[in-house]
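Me: I'm new to this one. Can you walk me through it?
Reply: Sure, here it is.

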Amino acid sequence: MLNINFKRLNGRLQELSEVGRTSEGGSRRLALTDADKAGRDLVQRWMIDLGLEVSIDKIGNIFAVLKGSANKKPIMMGSHIDTVGNGGHLDGCLGVLGGLEVIETYIENGKIPEHDLAVAIFTNEEGARFQPDMMGSLIHAHGLSLEDAYQTISNDGKKLKEELERIGYLGDMECGTIIPHAFIELHIEQGPILEKENIKIGAVENVQGISWTSVTIKGQANHAGTTPMSMRCDAGYAAALLTVRVRQIAEEIGGVHVGTVGVINPKPNLINVVAGDVKLTVDLRNVDEEKLKQSEKLFEDALSDIAELEGVEISTETLARFEPVKFDDRVACVITQAANELGLSNKRMNSGAGHDAQMMARICPTAMIFVPSRDGISHNPKEHTDEHYLKSGAEVLLKTVQKIDGGTVL
Ligand code: HGY
Ligand code: MN
Ligand code: MN
């Protein structure tokens, strides 16, 4: 019976968490920054030291492969190690290092799997610096052209291809080369459900749809003291109206619908100047494509109403648009069986967050394993999962891989 070495896994999670640590104890490894490079270098070192075949593709995705005995397509695990601006230490990292731990457990026990085993680090999953999110896995799954990605400009004004080159991760392997037999992503839930229901494992069967829009509001900068309220074209006020409307739409749609205005940048951003311009972002999500479309329609109506009311010009750019994804039920079933055999409480569930798995589902049987997040907090230095849950998640990942490798499931 193979057992993961949780001390080793946890040690690596801790060591990686030191890379790009913020003053609040969070992680800041925005995609293709020096901190992202340092994180990549560290994990790649572990992959090479294990004697795995490491390859880097043209968007910087990193793949490490343990050859199997029967030369069968790889059972792939993995996720991302890039983070949001001040995130936690587990988002993505648990999936990458959990996958590496599964492979190392095979190696140290002299167990050769039939299938190749692979672990992937996908580029720019977060989409916090370059959009869209899940970029590396989207390109791997042929959902975005490499050229379009290369031309992307970050919110700090850098060109993606130049940043990829600068950090030394512009690889030469064609994107999409490795087609997995199956893909399983271990991830923290990043929401409150498992903890609230006191359940240890989530067998994730779908991911909700995502709609990201950048909104530019053009008004007229003017003197805050002399401009009568009736004569203002106040982009700041228009932005505030839009922010309130995004919340109202979420309440009108109801259910699991969520709406977020995460970025608001007024110009000139001075106390005594009416805002002339505002750039903001809107993130809408729903498990149901029709409801997501309905929220987008209500949002578009709000743009024209607010533009007319305040006499401002509003333009938009779509940053990401992904329909809801249903995972392969056979893989979700194996995860459920693995959790049951390990005596771990478990439930089928939806993912509120986007993940690389939703892109990999386009090219191979895919599902995810969730472990609880304390207080449901994520994308925040307070992100935390108790060690016994992390250990359980990695054990379910190992058992799921063993079942798929030796079984007739897929
Ligand atoms: O936005 C998301 O859901 C993911 O963290 N990229
Ligand atoms: Mn993630
Ligand atoms: Mn994330």
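Me: Where should I look around ligand 1, say at Gly-354?
Reply: Keep in mind that this is a predicted model. Look at the backbone of Gly-354: an N or O atom there lies 2.7 Å from an oxygen atom of ligand 1.

Me: Which side chain has a polar atom 2.7 Å from an oxygen of ligand 1?
Reply: Arg-285. His-379 also points a polar side-chain atom at a ligand oxygen, at 3.3 Å.

Me: How much of ligand 1 does the protein bury?
Reply: 94% of the 210 Å² that ligand 1 exposes when taken alone. The space that ligand 1 takes is the largest pocket.

Me: Which residues are around ligand 1?
Reply: Glu-125, Glu-126, Asp-133, Met-134, Trp-212, Arg-285, Ala-353, Gly-354 and His-379. By type, the shell has four charged residues, three nonpolar and two polar.

Me: Now the metals. Which protein atoms are donors to the manganese ion called ligand 3?
Reply: An OD atom of Asp-91, two OE entries from Glu-126, and NE2 of His-379. They lie 2.1 to 2.6 Å from the ion. The sequence spacing of the donor residues is D-x34-E-x252-H.

Me: Where do Glu-126 and His-379 sit in the chain?
Reply: In distant parts of it, 253 residues apart. Glu-126 is in the loop between β4 (115-121) and α4 (135-140). His-379 is in the loop between β16 (366-371) and α12 (387-406).

Me: And what are the protein donors of the manganese ion, ligand 2?
Reply: His-80 (NE2), Asp-91 (OD) and His-187 (NE2), at 2.1 to 2.3 Å. Their spacing reads H-x10-D-x95-H.

Me: How far apart are the two manganese ions, ligand 2 and ligand 3?
Reply: 3.5 Å, and Asp-91 coordinates both.

Me: Where are His-80 and Asp-91 in the fold?
Reply: Both are in the loop between β3 (72-79) and α3 (93-108). They are 11 residues apart in sequence, so the pair ties those parts together.

Me: Switching to the backbone. Is the peptide bond from Gln-131 to Pro-132 cis or trans?
Reply: Cis, with omega near 5 degrees. Pro-132 lies in the loop between β4 and α4. The bond from Lys-267 to Pro-268 is cis too, with omega near 5 degrees. Pro-268 is in the loop between β10 (264-267) and β11 (273-274).

Me: What about Asn-198, is phi positive or negative?
Reply: Positive, near 55 degrees. Asn-198 is in the loop between α7 (193-196) and β6 (201-207).

Me: Why point these out?
Reply: Because most residues other than glycine have a negative phi, and most peptide bonds are trans.

Conventions
Residues numbered from 1 in each chain as written. Chains lettered and ligands numbered in written order. Predicted model: local features only at pLDDT ≥ 70, side-chain atom pairs only at ≥ 80, totals over all residues. Heavy atoms only, no water. Near = heavy atom within 4 Å. Polar contact = N/O pair within 3.5 Å; in protein donor to acceptor, adjacent residues only side chain to side chain. Areas by Shrake-Rupley, 256 points an atom, 1.4 Å probe, with all protein chains shown as cover. 1 Å grid on protein atoms, 1.4 Å probe; cavity = no way out; pocket = protein on both sides within 12 Å on 5 of 7 lines; lining within 4 Å. Sits in = over half its atoms within 2 Å of the grid points. Nonpolar A, V, L, I, M, F, W, Y, C, P; charged D, E, K, R; others polar. Donors = N, O, S within 2.8 Å, 3.2 Å for Na, K, Ca; no water. Helix = DSSP H or I, 4+ residues; strand = E, 2+ residues; numbered from the N terminus.
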